[in-house]
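Thank you all for making the time this morning. I would like to walk you through one model, beginning with its surface and then turning to the overall form of the chain.

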Amino acid sequence: MLAYIKTYLSDTRGATMIEYGLIAALVAVVLIVALTALGTGLGDMFNNVTDELG
């Protein structure tokens, strides 16, 4: 029983999966922020072009 507990406590697979999940969440947040900023900038640019043409 003691050997099983030592094996269970030394298992790091769960920690690795949590780390990968945190990295994936961070990448998703960065992408959302970047695309939101880019989308706003593109919208402003097209509005300026429309105003110049109209």
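Let me start with the surface of this predicted model, where Met 17, Tyr 20, Ile 23, Val 27, Leu 31, Leu 35, Leu 38, Leu 42, Met 45, Phe 46, Val 49 and Leu 53 form a nonpolar patch whose accessible area comes to about 1,300 Å² together.

Two members of that patch are worth a look in turn. Leu 42, which belongs to the patch, is placed in helix H2, the helix that covers residues 13-53, and with a relative accessibility of 37% Leu 42 is classed as partly exposed, because that class lies between the 20% and 50% cut-offs. Tyr 20, also listed in the patch, sits in helix H2 as well, but here the relative accessible area is 55%, so Tyr 20 counts as exposed, the cut-off for that class being over 50%.

What does the secondary structure of the protein come to? There are two helices and zero strands, and the radius of gyration is 24 Å, well over the 10 Å that the globule rule gives for 54 residues, so the protein is more spread out than a compact globule. If one takes the principal axes, the C-alpha atoms fill a box of roughly 80 × 10 × 5 Å.

With that outline in mind, we can look at some separations along the chain, each taken from C-alpha to C-alpha. Gly 14 and Leu 26 are 12 residues apart along the chain, and their C-alpha atoms are separated by 18 Å. For Tyr 20 and Thr 40, which are 20 residues apart in sequence, the C-alpha distance is 30 Å, while Val 29 and Thr 7, at 22 residues apart along the chain, have C-alpha atoms separated by 36 Å.

Two residues from those pairs also deserve a word on exposure. Gly 14 lies in helix H2 and is partly exposed, at a relative accessible area of 43%, and Val 29, likewise in helix H2, has a relative accessibility of 48% and therefore counts as partly exposed, since the exposed class begins over 50%.

Finally, how much of the protein is made up of buried residues? Of the 54 residues, buried ones make up 0%, where buried would require a relative accessible area under 20%. The protein as a whole exposes about 5,100 Å², and carbon and sulfur atoms supply 73% of that area.

Definitions and conventions:
Residues numbered from 1 in each chain as written. Predicted model: local features only at pLDDT ≥ 70, side-chain atom pairs only at ≥ 80, totals over all residues. Heavy atoms only, no water. Patch = residues over 30% accessible without salt bridge, like charges linked within 9 Å, V, L, I, M, F, W, Y side chains within 5 Å. Areas by Shrake-Rupley, 256 points an atom, 1.4 Å probe, with all protein chains shown as cover. Salt bridge = Lys/Arg side-chain N within 4 Å of Asp/Glu carboxyl O. Helix = DSSP H or I, 4+ residues; strand = E, 2+ residues; numbered from the N terminus. Buried < 20%, exposed > 50% of the residue type's maximum accessible area, 1.4 Å probe, protein only. Rg over C-alpha atoms; globule rule 2.2 N^0.38 Å.
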